[in-house]
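Me: Could you walk me through a protein structure, one step at a time? I am new to this and would like to ask questions as we go.

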Amino acid sequence: GALLVSERIDREELCGALSPCSLSFEIVVENPLELYSGAVEIQDINDNDPVFPSSLARLEISESVAAGARFPLESAQDPDVGINSLQTYQLSANPHFALDVQTRVDGSKYAELVLEKELDREEQRELHLVLTALDGGNPPRSAHVQIHIDVVDANDNAPVFNQSTYKASMKENTPSGTLVAWISAYDLDDGPNGDIVYSFSSHTPTKVRELFALDSVTGELRVKGQLDYEEVKLYEIYLQAKDKGAVPGVAHCKVLVEIVDVNDNAPEVTVTSVYSPVPEDAAPGTVVALLSVTDSDSHDNGLILVHVSDVNDNAPKSSQDSYDVYVLENNMPGIPILNVSATDPDLGRNAHLSYTILQGDPTVGHLFSINRENGTLYLLTSLDHEDQVEFSMTVQIQDSGSSPLATNVSVSVFVIDLNDNAPTVLYPHPNTTATYTTVVAPGTPARHMVTKVVAVDADAGYNAWISYTLLQATDPSLFSVGLHSGEIFTARQLQEDDAPQHMLIILLKDHGEPVLSTSATVSISVAEMVKEVLTDLTDVTPAKDPKRHVTFYLILAVILVSAAFFITMLSVGIFKCYKWRQSKELFNSSRSTLYRTPGPFHHIDAVRGGFTPPNFYHQVYLTTDSRQSDLLCKKPFTSSPLGSRQSTMRNGEPGLYHQMVGTASRLPTPAE
């Protein structure tokens, strides 16, 4: 069981600058089978001296350089690590310069000369210094370099970098020639004193110079060698810009290059057979071999992935359970109106979704269509708000698994009304040759309602809100029209000298955008009796003799009216007697049926029209469940020709008419 060294160990050869340096191994013990992991850490000894790149370093420093100026020196390299690596620098005693030792990000040391006392070329043209590098061993090892400083005349302006630190990130597999950073400096001097040359600072490590190249003219820093994240994760590169003056001015900057890991190392599988051959009677669970897997990459690039096959165990999920879509009527056919969105967390075909409309209402299938692949809902035809306001449908979202799963989403489409219908006049009827003349008596007071224009608009909302204005009239000062009711009133009291015939043109407009309109023509006659109206409306007299036969027609009209009145009154009397007899019989047979609760009223509503004067109005009171009803003849309406506003509308047919008002039935008393 002893672990022995088989050959001489050189830590620097095995691990380089990595610390700690360890060698790992595995030990297998059989009977019983056990596995042990072990590691041997190779400890460093101070067996290497620090080494400078050259034995002589030469600097040119202008006598005009102010105190405090810093000058980087070449760094020594020591392959040892830890305390045995390079720890510090020492400078020989002198009156002008001091040494400042700095530490890089990776822990290595470098030195800079700091001018403490200004130089004077006339007093001393050159200086000779010795720089010593010391490691931390016991005893310490060292190295020396001679520093020769030439004091030269001044160059007024030194180059200046536009920033002191540049940062860049590069993948470790970045090809050679790739631009890392573009440094830039400027010099206010002219001619050679203003020409700038870029170079690595003297203390830039050799390894950095092998991996990166700097263009001395453009300042472009590019990849030169092969980067390796597993070797170095961050490079700190020091660059300088120097002009071409007799005494060059120098500026310094730093470039930090972060190396990004890529998956450039394949996993390494080690198989160790411990039980071979395997007996045919080996028990289940017997270990046959051990496998270990390693990957030199870091983070996710170094994991071993186990792939899990997908099962269709998730139904599609829509972003919304229902959608409300608003579409303007008169739309263009074929436009998309909605995109139904859904997701499925499964993979492959188990996550491939298709969209269909479930055929519930057959009308929907003719009007709407959905794209099976992306769920876009299309409108196939133009909709009309006046035909149908709302459509409802169900969209099914189904995956493509071997046992498909589905989700249903409800979609409601609302048709928004447009002002595409002009008002339609119901009274007076515009498509008839008959003349509807409204009669009003002379002396009628102001604000008396003469007739009403009735109109409808097939649109909805504001698009169907109709306003009425008087566009043209025989006498504009005599009549006015209600803005929203269409009722025509007398604007003042009718005078005897007013014209007997009036023609009004009423403009009807809706409130849509754009506004649609139509017009209605109303004829109004001012007359004392119906015969005057008949005389005005009946034009059968020859043009040559206008007064011929006028008396005959007047007498004929009076006779016809009187006969009609007599027949009407006789019919009413007979009907009253019949009702009285019938009510008496019903009262004697079953008194309870006569006084039952009246049923719902039927409101008979009409628009007054024709040429009958308002003092010929009658009222009839009826119920739907009464076995008898009374006809009441009322005196002419002198105070209010309209009667009850709440229960009256005007009939649009010409000729004499009655006003039907729904109210409770009047039942006869026992005395009657």
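Me: How far apart are the end C-alpha atoms of residues 552-575?
Reply: Happy to help, and please keep in mind that this is a predicted model. Residues 552-575 are listed in an unreviewed UniProt entry as "transmembrane region". In the model the span is 100% helix and 0% strand, and its end C-alpha atoms lie apart by 35 Å.

Me: How many helices and strands are in the protein chain?
Reply: The protein chain has 672 residues, and 36% of them are buried. Among contacts between residues at least 6 apart in sequence, 66% join residues at least 24 apart. As for the elements themselves, the chain holds 6 helices and 41 strands.

Me: Which residue forms a salt bridge with Arg70 at 2.1 Å?
Reply: A general idea helps here: side chains of opposite charge can pair when their charged atoms come close. A search of the whole structure finds 11 salt bridges. In the one you ask about, the closest N and O atoms are 2.1 Å apart, and the partner of Arg70 is Asp100.

Me: How many residues apart are Arg70 and Asp100?
Reply: Arg70 sits in strand β4 (residues 70-72), while Asp100 belongs to strand β6 (residues 97-103). The pair therefore links distant parts of the chain, and the separation is 30 residues.

Me: Is Asp100 buried, exposed or partly exposed?
Reply: Buried means under 20% relative accessible area and exposed means over 50%, with partly exposed in between. Asp100 has a relative accessible area of 23%, so Asp100 is partly exposed. Its partner Arg70, with 36%, is also classed as partly exposed.

Me: Arg70 meets Glu112 in a salt bridge too. How many residues apart in sequence are the parts that this pair ties together?
Reply: The side chains of Arg70 and Glu112 meet at 2.7 Å, N to O. Arg70 lies in strand β4 and Glu112 in strand β7 (residues 109-115), so the parts tied together are apart in sequence by 42 residues.

Me: Is Glu112 buried or exposed?
Reply: The cut-off for buried is under 20% relative accessible area. Glu112 has a relative accessible area of 12%, so Glu112 is buried.

Me: Where does Lys207, the salt-bridge partner of Glu231, lie?
Reply: The side chains of Glu231 and Lys207 meet in a salt bridge at 3.8 Å, N to O. Glu231 counts as partly exposed at 45% relative accessibility, and Lys207 counts as partly exposed at 39%. Glu231 is in the loop between β16 (220-223) and β17 (234-243), and the pair ties together parts 24 residues apart in sequence, with Lys207 in helix α2 (residues 206-211).

Me: Which residues do salt bridges that share partners join into one network?
Reply: Here the salt bridges have partners in common, and together they form one network. Its members are Arg11, Glu12 and Asp44.

Me: What is the handedness of the disulfide between Cys15 and Cys21?
Reply: The structure holds 1 disulfide, and it joins Cys15 to Cys21 with an S to S distance of 1.8 Å. Both Cys15 and Cys21 are buried. The torsion about their S-S bond is about 60 degrees, so the disulfide is right-handed.

Me: Is Cys577 buried or exposed?
Reply: The cut-off for exposed is over 50% relative accessible area. Cys253, at 4% relative accessibility, counts as buried. Cys577 has a relative accessible area of 53%, so Cys577 is exposed.

Me: What are the edge strands of the open sheet with the order β23-β27-β26?
Reply: This open sheet has 3 strands with antiparallel pairing, and its twist averages 30 degrees from one strand to the next. An edge strand pairs on one side only, so the edge strands are β23 (335-339) and β26 (368-370).

Me: Which residue in β27 is the bridge partner of Asn339?
Reply: Strand β23 is joined to strand β27 (residues 376-379) by 4 bridges, and the two run antiparallel. Within β27, the bridge partner of Asn339 is Thr376.

Me: Is His203 buried or exposed?
Reply: His203 is found in the loop between β14 (196-200) and α2. Leaving aside neighbours within four places in sequence, His203 has contacts that include Pro72, Leu73, Tyr110 and Tyr238. At 2% relative accessibility, His203 counts as buried.

Definitions and conventions: Residues are numbered from 1 along each chain as its sequence is written. This is a predicted model: local features need pLDDT of at least 70, side-chain atom pairs count only at pLDDT 80 or more; totals for chains, interfaces and linings use all residues. Side-chain values use heavy atoms; hydrogens and water are left out. UniProt positions are given in the numbering used here, feature names are shortened, and annotations may be inferred rather than shown by experiment. A salt bridge is a side-chain nitrogen of Lys or Arg within 4 Å of a carboxyl oxygen of Asp or Glu. Buried means under 20% relative accessible area, exposed over 50%, partly exposed in between (1.4 Å probe, protein chains only). A disulfide is a pair of cysteine sulfur atoms within 2.5 Å. Two strands pair if DSSP finds at least two bridges between them. Axes are lines fitted to C-alpha atoms, for helices over the stretch in contact, and angles run from 0 to 180 degrees between N-to-C directions. Contact means heavy atoms within 4.5 Å.
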